[in-house]
Amino acid sequence: MPVKSPVIVDLKFIPEEVEAALLGAFPDREVINLADSAHERRDLSGIDYAVVWKSAPDLFSRAPNLKVVFSGGAGVDHVLTLPGLPDVPLVRFVDRTLTTRMSEWVVMQCLLHLRQHRAYEALARKHEWRDLIQPEAADVTVGIMGMGVLGQDAARKLAMMGFKVIGWSRTKRAVEGVETYDAAGLDSFLGRTDFLVGLLPLTPDTRGIFNADLFKKLSRKGPFGAPVFINAGRGGSQVESDILQCLDNGTLLAASLDVFEREPLSPESRFWDMPNVYVTPHVAAASDVKALFAHVEHQIERFESGLPLEHVVDKVAGY
């Protein structure tokens, strides 16, 4: 019986979480966890598979014979920019846990802004009992940019909460119960959007798309008189100097940001202390590492059985 290829694991996750998830994972093959210093000088030639998240820049030169690369998350821009990326299938992580975690974060942020949670927190700190005028979800139109698996699930759950939901993607998607727009309909989409949710992959077309010019096109007819920006897609899709400017001049009412142009976010960033901004450290859809390894095992089994891989990335499109 032929020896099965080892799997390289190069994940910049919480080390203890990766180690715990590896217990029982890939039971029939060796795992080379590059977080272990014992593998620092390991010869990685002749190995077929690598599971990566923000991996070392020399990984592909050390492992020149890979047959499949697996992303540790739904995003793949961290892989596409690595030097020496081999011309082999790149598979992104798609899993129920990843999808539900993202939807939970998006719904939570929309509700926090709808229910004016920051304003009530400020009143509580002053021990002031005061009611604020309270719109309901049906008064707010949430526009989601990025209608893939994550965007569609978030749309369904927001609609269940009573929000009006519309969607935008470069090419029009048919989503039951959600009115959708394509590239040509961007301005119409923005003009209806009170809360803008960013779930876009990072591509040359989406880099810097969330900028002052776009924010100025958002609806100002909603119950709060100015729009809210919520981004859990990729940090490179937003222009942070424009977000700050728009928050300062009232073009934006508030924001929730899980991703940033540079991560980790600098301790000196104004975002940390702004009363109308929620900051989370790129955890909206943190990967369940056990589920990730189960996904990789399943895809390797398909590959070695001659079946097509699932969730293969179009490297030209970037997703």
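This is a short walk through one helix, a pair of strands and a cavity in a predicted model.

Let's start with helix 6, which covers residues 149–160. It has 12 residues, and at 1.5 Å a residue these should span 16 Å. The C-alpha atoms at its ends lie 17 Å apart, so the helix agrees with that expectation. Now look at which side chains are tucked away: Leu150, Gly151, Asp153, Ala154, Ala155 and Leu158 are buried. An α-helix has 3.6 residues a turn, so residues three or four places apart point the same way. Back in the model, the cover over the buried residues of helix 6 includes helix 4 (96–114), strand 6 (141–145) and strand 7 (164–168). Follow the chain just past helix 6 and you meet Gly162, whose phi is positive, at about 105°.

Next, move along to strand 11, residues 254–257. Ala254 and Ser256 point one way from this strand, while Ala255 and Leu257 point the other way. Both sets are buried. Strand 11 runs parallel to strand 10 (residues 228–231), and 4 bridges join the two. To find your place in this pairing, look for Asn231, which stands opposite Leu257 of strand 11.

Finally, what about empty space inside the model? The count comes to 1 cavity of 30 Å³ or more, and the largest cavity holds about 40 Å³ of space. Its lining includes Val140, Asp194 and Phe195, together with residues such as Arg220, Lys221, Phe224 and Pro227. By type, the lining residues divide into 6 nonpolar, 3 polar and 3 charged.

Technical notes. Residues are numbered from 1 along each chain as its sequence is written. This is a predicted model: local features need pLDDT of at least 70, side-chain atom pairs count only at pLDDT 80 or more; totals for chains, interfaces and linings use all residues. Side-chain values use heavy atoms; hydrogens and water are left out. On a 1 Å grid over the protein atoms alone, a cavity is a set of points where a 1.4 Å probe fits but cannot get out, and a pocket is an open set with protein on both sides within 12 Å along at least five of seven lines; lining residues have an atom within 4 Å of a point. Grid points are joined across faces, edges and corners, and a volume is the space filled by probe spheres set on the points. Ala, Val, Leu, Ile, Met, Phe, Trp, Tyr, Cys and Pro count as nonpolar, Asp, Glu, Lys and Arg as charged, and the others, Gly among them, as polar. The expected span of a helix is 1.5 Å times one less than its number of residues. Buried means under 20% relative accessible area, exposed over 50%, partly exposed in between (1.4 Å probe, protein chains only). Contact means heavy atoms within 4.5 Å. Two strands pair if DSSP finds at least two bridges between them.
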